[in-house]
Amino acid sequence: MKKYKKFIYPFILSLCFFVVYMIVAIVLNLVLPSDDYAGLAYAGIALLIWVAIILPIYCYKYGKMILQEKHKRLFGFYNPLVVTLCHTGPFLFPAISGSDFGVIFWITVGLFIWTAMWTFAPLNSIQEQDDNHSAETQESCETCDFEN
């Protein structure tokens with residue numbers, strides 16, 4: 001199962017996104033009056049919380065999960081691609097022939113960059129730590145006297 005986590009987690013996150021968003025929509029529909037725009041504002045806030053807080057936390061943890069992988073850079077692109085297409089794909093593909101394609105396309109590009117940035121953050125921080133450690137080791141070896 002550990003082997004398949006890397007492939008399944010982006011789909012599970014996307015499924016959770018749609019389930020949570022549907023629950024928020026149903027609750028807002030039951031609680032708020034139908035002729036009010038407050039539901040749209042609350043749904044927008046829920047979407048903002050998802051994108052600004054939950055998505056970066058997930059991507060950072062996913063990045064830590066793939067640290068020991070042989071193809072970690074490939075998985076680093078796999079996660080944002082799957083998450084982005086699952087989140088915006090249902091809106092992107094029908095809009096291809098419409099006038100909303102440009103807006104949804106740029107939202108997709110922005111979301112891809114956002115998730116890629118958070119997915120690669122642990123990979124880059126570990127690489128920087130390794131570079132600093134090897135530089136410190138090299139400096140300490142240069143100052144050592146190995147004379148007998």
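**Entry 1: lysine 61**

I began with lysine 61, which counts as exposed because its relative accessibility is 58%, and exposed means over 50%. I note at the outset that this is a predicted model. Lysine 61 sits in helix α2, the helix that covers residues 38-65. I then looked for a partner far along the chain, and found that lysine 61 and threonine 119, although 58 residues apart in sequence, have their C-alpha atoms 7.9 Å apart in space.

**Entry 2: the chain as a whole**

Next I stepped back to the overall layout. The chain has four helices and zero strands, and its elements follow one another from the N terminus as α-α-α-α. The chain has 148 residues, of which 26% count as buried. I also looked up how far the contacts reach along the chain: among contacts with a separation of 6 or more, 75% are between residues 24 or more positions apart.

**Entry 3: helix α1 against helix α2**

How do the axes of α1 and α2 cross, and within what distance do they come? I found that they come within 11 Å and cross at roughly 165°. Angles over 145 degrees count as roughly antiparallel, and α1 and α2 are therefore roughly antiparallel to each other. The crossing of these two helices is right-handed.

I then listed who takes part in the contact: from α1 the residues include Lys5, Tyr9, Leu13, Phe17, Tyr21 and Leu28, and from α2 they include Gly39, Tyr42, Ala43, Trp50, Tyr58 and Met65. Sorted by class, the contact of α1 with α2 has 17 nonpolar residues, one polar residue and two charged residues.

Within this contact I followed leucine 28, a residue of helix α1. Leucine 28 counts as buried because its relative accessibility is 18%, and the cut-off for buried is under 20%. Setting aside residues up to four places away in sequence, leucine 28 touches Gly39, Tyr42 and Ala43. I also noted leucine 40, which is twelve residues from leucine 28 along the chain, with 8.9 Å between the two C-alpha atoms.

**Entry 4: helix α1 against helix α3**

I turned to the other pairing of α1, whose residues are 2-31, with α3, whose residues are 72-92. The axes of these two helices come within 9 Å and cross at roughly 25°. Because angles under 35 degrees count as roughly parallel, α1 and α3 are described as roughly parallel to each other. Their crossing is right-handed.

Which residues of α1 and α3 meet? On the α1 side I wrote down Lys6, Phe7, Pro10, Phe11, Leu13, Ser14, Phe17 and Phe18, and on the α3 side Phe75, Tyr78, Asn79, Val82, Val83, Cys86, His87 and Pro90. By class, the contact of α1 with α3 has twelve nonpolar, three polar and one charged residues.

I looked more carefully at asparagine 79, which belongs to helix α3. Is asparagine 79 buried or exposed? Asparagine 79 counts as buried, since its relative accessibility is 0%. Leaving out its neighbours within four places in sequence, asparagine 79 is in contact with Pro10, Tyr58, Cys59, Tyr62 and Thr119. Threonine 119 thus appears again in my notes, having come up already with lysine 61.

**Entry 5: aromatic rings**

My last search was for aromatic pairs, and the count comes to eleven. One of them is formed by phenylalanine 7 and tyrosine 78, an edge-to-face pair with 5.8 Å centre to centre and 70° between the planes. Phenylalanine 7 lies in helix α1 and tyrosine 78 in helix α3, so this pair ties together parts that are 71 residues apart in sequence. Phenylalanine 7 is partly exposed at a relative accessible area of 38%, and tyrosine 78 is partly exposed at 21%.

I also looked up phenylalanine 105 and tryptophan 106, whose ring centres are 5.2 Å apart with the planes at 75°, so the pair is edge-to-face. Phenylalanine 105 counts as partly exposed at 34% relative accessibility, whereas tryptophan 106 counts as exposed at 59%.

Finally I recorded one aromatic cluster, formed by Phe17, Phe18, Tyr21 and Trp50. Phe17 and Tyr21 of α1 and Trp50 of α2 were already in my list for the contact between those two helices, and Phe18 was in the list for α1 with α3.

Note on methods:
Residues numbered from 1 in each chain as written. Predicted model: local features only at pLDDT ≥ 70, side-chain atom pairs only at ≥ 80, totals over all residues. Heavy atoms only, no water. Axes fitted to C-alpha atoms, helices over the stretch in contact; angles between N-to-C directions. Parallel < 35°, antiparallel > 145°, perpendicular 65-115°, else oblique. Left-handed = near helix turned anticlockwise from the far one by under 90°. Contact = heavy atoms within 4.5 Å. Nonpolar A, V, L, I, M, F, W, Y, C, P; charged D, E, K, R; others polar. Phe/Tyr/Trp six-rings, centres within 6.5 Å; stacked < 30°, edge-to-face > 60°. Buried < 20%, exposed > 50% of the residue type's maximum accessible area, 1.4 Å probe, protein only.
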